[in-house]
Every structure is written in structure tokens, then in C-alpha cells.
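Let's take a walk through this structure together, one neighbourhood at a time. Keep the viewer open and turn the molecule as you read.

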Amino acid sequence: MLVDEDGVREWNQLVHPQTRIPLFIEQLTGISNEMVAEMPSFAQVAGEVAELLEGRLFIAHNARFDYGFLKNEFSRVGMTFRPQVLCTVKLSRALYPHFHRHNLDSLIERHGLQAKDRHRALADAQLIHQFWTQAYEQFSEETVDVAVQRLVGRSSLPSNIDPLLIHDLPEAPGVYLFYGENDLPLYIGKSVNIRNRVLAHFGADHKNNKEMSLAQQLRRIDWIETAGELGALLLEARLIKEKTPVHNQRLRRKSALCAWQLQQQGEQLKPVLSWAGELDFGAQDNLYGLYHSLRDAQKALRGVAEQHGLCLSVLGLEKTAAGRPCFGYQIKKCRGACVGTEAPLAHAARVLIAMQKLKLAVWPYPGAIGISEGEELHVIDRWCYLGTAKNEAEIAELLQAGVPAFDRDTYMLLSKSLKKAEVVVLPQALCVAG
């Protein structure tokens with residue numbers, strides 16, 4: 001059936017399936033082998049069908065089946081079939097969420113639809129049109145249009161992506177992966193609603209060069225559902241570091257990690273840079289800030305010094321001869337620890353106070369813990385994410401694999417999440433067995 005501003009028109013054509021029709025299909029549809037014996041093959045009518053569907057919204061009940069069948073048939077004759085697709089099963093669920101069943105038989109009964117020659121394409125199309133007409137009678141035009149647009153959701157989906165993919169994308173938390181021509185992901189993201197976030201990527205790709213480039217390269221989308229937002233955040237951080245997708249810059253693993261340690265030197269406290277390869281950052285006390293380079297660490301320390309009037313010379317950020325003033329003292333931004341006008345202990349106390357906001361939290365548990373989310377348990381040890389488990393055997397397996405390298409992004413995420421998380425302290429016996 002074709003429905004547009006010119007009205008409703010019907011087109012019906014039997015085709016020869018190039019094979020015998022099974023008996024159960026003949027009994028279901030009433031179409032026999034004799035009826036199609038002299039009919040054209042799909043290849044002979046493909047051009048006409050493509051012309052009829054050109055620029056139209058393809059509507060079907062359980063649309064994935066009908067769309068998949070037509071797509072394969074068009075592919076066999078060397079034609080591409082990529083229309084916008086609307087599944088009326090999903091439209092019924094969207095408009096009538098209080099009903100549990102949305103198959104065509106249920107719609108016939110519920111809406112009083114008039115059925116003739118059930119399980120024949122034209123007859124089913126007539127039923128769908130009746131349902132469509134009733135929907136616009138029972139709801140405002142805006143309500144139906146919004147539901148349709150949300151389900152179609154293809155206004156700017158990349159041309160290489162199957163339009164029916166949007167019906168498979170879950171409205172659930174998790175991680176999604178965009179792939180190009182090979183098995184290395186182009187981009188990895190996370191969301192509390194995978195479907196909405198994926199579609200949002202392409203809602204304005206003509207305005208964003210990065211999104212446009214991504215859309216042009218995209219060939220495949222995969223996803224992994226999680227129990228909640230925390231699981232999605234942890235999994236995203238891990239996958240980005242493991243797979244290093246080209247379009248992700250944030251969360252990619254850096255080559256090194258360092259932090260300041262405050263060490264007593266005489267009566268002064270002096271920051272000394274320590275590297276993650278030398279210390280267990282997950283359990284080490286007296287660490288301040290997390291940086292990926294000496295330059296970043298010194299820049300941050302200089303900012304603290306300027307904000308609190310600390311001496312750059314005492315902090316080791318400026319070389320001056322003994323007893324000579326640092327540059328900060330000359331411009332009245334240092335209280336004189338370099339020249340003795342500020343007592344060493346007073347300066348040391350101010351250093352300790354100034355650095356306090358940068359202090360890394362010490363792992364507060366004797367061993368590994370689990371953070372409950374839904375029916376899953378995120379296993380954490382010394383601020384490192386070991387993985388997610390659903391039972392004791394999976395927990396033991398994660399513990400046996402050992403603790404991965406300390407990661408700044410995971411630490412930042414967990415140090416905030418632990419404050420409101422449901423924590424399960426894992427038995428020490430289990431940790432030792434692992």
C-alpha cells in the first residue's frame with residue numbers, strides 16, 4: 001500500500017520464489033505453487049519495487065523480518081535497499097504502553113481491525129493502515145508524529161549503517177563502540193541510555209567536523225550493556241585504554257604517571273616527584289596530585305605556590321644561591337622563607353595546608369572490595385578496577401588475575417563513587433585464594 005498526499009493506493013504482485021513453497025507456508029498464506037508458477041521472479045520486478053519505495057517511509061509489523069527479506073533480495077540483484085523504517089510493533093508499544101501484547105492478532109482484537117486473507121502481504125498492509133488511521137484518531141497528530149520520529153530516528157544516521165539498527169540499540173546503560181573498515185574501534189563512548197546517545201552523535205553531524213568525519217568512516221556499531229552508570233564509566237575507561245580508538249583523546253592511557261611527595265628536609269617540607277613505577281600509588285600515603293609529566297607536575301605546583309605565597313626556591317622550582325631572595329620575594333609574592341624572614345616551620349605548615357586539596361586518598365580497605373550495582377559486583381582493589389562479576393567464582397577469577405597498573409581516570413572516578421556506593425568488603429580468605 002502507498003499512502004501520501006494523493007491518497008491510498010494498492011499494489012500487489014506475486015513472485016516466483018525460485019523454489020517450492022513448503023506445505024505449511026501454503027496452508028498459512030493460501031498461496032500455492034500453482035499460483036506462482038507463471039509469476040515473475042523478484043529480479044524481474046525489483047526495479048518497479050524500488051521505484052515505488054523511493055523516498056518513502058517503509059512501515060511494517062515486525063519490520064526487521066520484512067526489511068531483512070527485501071534487503072537480501074535487492075542485494076542479490078545488485079541493488080541497495082536502505083529506506084527509513086518504522087516498526088508498528090514498536091509504535092504500538094510507544095502509544096499503548098499499558099498493553100502487554102502488540103502482535104498483529106492482538107491489534108486486530110484490541111482495535112477492531114477488519115482482516116481479510118491474513119498472512120498475505122496486502123491484507124497485512126491493510127491492517128497496518130487501519131491501525132495507523134486509528135492512532136491519529138485517538139491521539140493528537142503531534143503525539144503520533146513525535147513517537148514516529150523517535151522510532152525512526154534516522155534523520156542523520158550514517159548511510160553505511162543499517163537503519164533497523166536503531167530498533168536493536170538498547171535504552172539501557174552501557175558502552176558503545178563505533179567501527180570502521182577493520183576491527184579497531186574508531187570511538188568508544190558510554191551512556192545511561194545507549195540508544196539516545198548513539199543517535200545524538202549524528203543529530204548535528206553537519207555542524208561538527210569531528211562527528212562528520214566519524215559518520216563518514218562508520219561501518220558498524222557494537223555495544224555492551226551494564227547494570228548501571230558506574231559500570232559503564234569503568235568499562236569505558238578500560239576499553240579506551242586497551243583499544244586506543246583514534247577519535248578518543250580523553251581517557252587514553254598515558255605513558256607515565258607521577259605525583260608529589262612531601263619530604264622533611266631539615267625544618268622544611270619539600271615536594272619530591274615520585275613515579276608510579278617506583279611506588280604503589282594505590283596504597284601509598286603522602287602523595288599529592290596526579291600528573292602525566294614533569295612539566296605538568298611543576299606547572300601545578302607553581303600554581304599552588306603563587307596562590308598561597310609559597311617560596312619557589314624552597315619548593316625547588318627556582319634555583320637561587322643560599323640566602324638570596326627568589327623572584328617571588330622580589331615582587332612581594334613570597335613571604336621570605338628563602339631569606340629567613342619567614343620561619344622554616346611556618347612555611348612548612350603553609351605548604352602542608354596548601355597541598356591538602358591535592359592529596360590522594362589512601363585505599364581505605366584491607367584488601368579488595370565489590371561495589372554493588374544491580375545484580376553485578378564491580379571488583380576494586382587499591383583504586384584499580386579488576387572487572388565485573390556476578391558470582392563468587394567470577395570474583396575469584398578476577399582476583400587471581402592480579403591488580404592492573406594504577407590509572408588516574410579510574411582513581412578519580414572511584415574516589416567520588418565510593419562516597420555513595422554500596423560497598424561489599426570481600427572476605428580476606430577469598431582475596432588470598434585469588
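Leaving aside its neighbours within four places in sequence, which residues is His347 in contact with? Before the answer, a word on what you are looking at. This is a predicted model, in which local features need pLDDT of at least 70 and side-chain atom pairs count only at pLDDT 80 or more, while totals for chains, interfaces and linings use all residues. Residues are numbered from 1 along each chain as its sequence is written, and side-chain values use heavy atoms, with hydrogens and water left out.

Now for His347, which sits in helix α15. Helices here are DSSP runs of H or I with at least four residues, strands are runs of E with at least two, and both are numbered from the N terminus. His347 is in contact with Gln268, Leu310, Cys311, Val314, Ala337 and Glu342, not counting neighbours within four places in sequence; contact means heavy atoms within 4.5 Å. With a relative accessible area of 0%, His347 is buried. Buried stands for under 20% relative accessible area, exposed for over 50%, and partly exposed for what lies in between (1.4 Å probe, protein chains only).

Val351 belongs to α15 too, a helix that covers residues 344–355. Val351 is buried, at a relative accessible area of 1%. Setting aside residues up to four places away in sequence, Val351 touches Leu262, Leu269, Leu310 and Leu315. Leu310 also appears among the contacts of His347. For a sense of scale, Val351 and Val85 are 266 residues apart in sequence and 64 Å apart in space, C-alpha to C-alpha.

Next, look for a sheet. One open sheet of 3 strands has the order β9-β8-β10, with antiparallel pairing; two strands pair if DSSP finds at least two bridges between them. At the edges stand β9 (268–275) and β10 (288–291), each with a single partner strand, so one side of each has no neighbour in the sheet. From one strand to the next, the twist averages 35°. Strand β8 (residues 258–265) runs antiparallel to β9 and is joined to β9 by 8 bridges. Cys258 has Trp275 of β9 as its bridge partner.

A second open sheet of 3 strands follows the order β6-β5-β7, again with antiparallel pairing. Its edge strands are β6 (185–191) and β7 (220–225), each pairing on one side only. Strand β5 (residues 174–179) is joined to β6 by 6 bridges, and Leu177 finds its bridge partner in Ile188 of β6. Helix α10 (residues 194–201) lies across β5, β6 and β7 and runs at about 35° to β5. Helix α12 (residues 229–243) packs on this sheet as well, touching β5, β6 and β7, and its direction makes about 165° with that of β6. Axes are lines fitted to C-alpha atoms, for helices over the stretch in contact, and angles run from 0 to 180 degrees between N-to-C directions.

Let's turn to some helices that meet one another. The axes of α6 (residues 104–111) and α7 (residues 121–138) come within 11 Å and cross at roughly 50°. That makes α6 oblique to α7; angles under 35 degrees count as roughly parallel, over 145 as roughly antiparallel, 65 to 115 as roughly perpendicular and the rest as oblique. On the α6 side, the contact is made by Leu104, Leu107, Ile108 and His111, and on the α7 side by Asp124, Leu127, Phe131, Gln134 and Gln138.

Helix α7 also meets α8 (residues 141–152): their axes come within 7 Å and cross at roughly 130°. These two helices are therefore oblique to each other. Here Trp132, Ala135 and Tyr136 of α7 meet Glu141, Val144, Asp145 and Val148 of α8.

Finally, visit two loop residues. Thr244 lies in the loop between α12 and β8, and its phi is near 40°, a positive value in a residue other than glycine. Thr244 counts as partly exposed, at 38% relative accessibility. Lys332, in the loop between α14 (327–330) and α15, has a phi near 65°, also positive in a residue other than glycine. At 78% relative accessibility, Lys332 counts as exposed.
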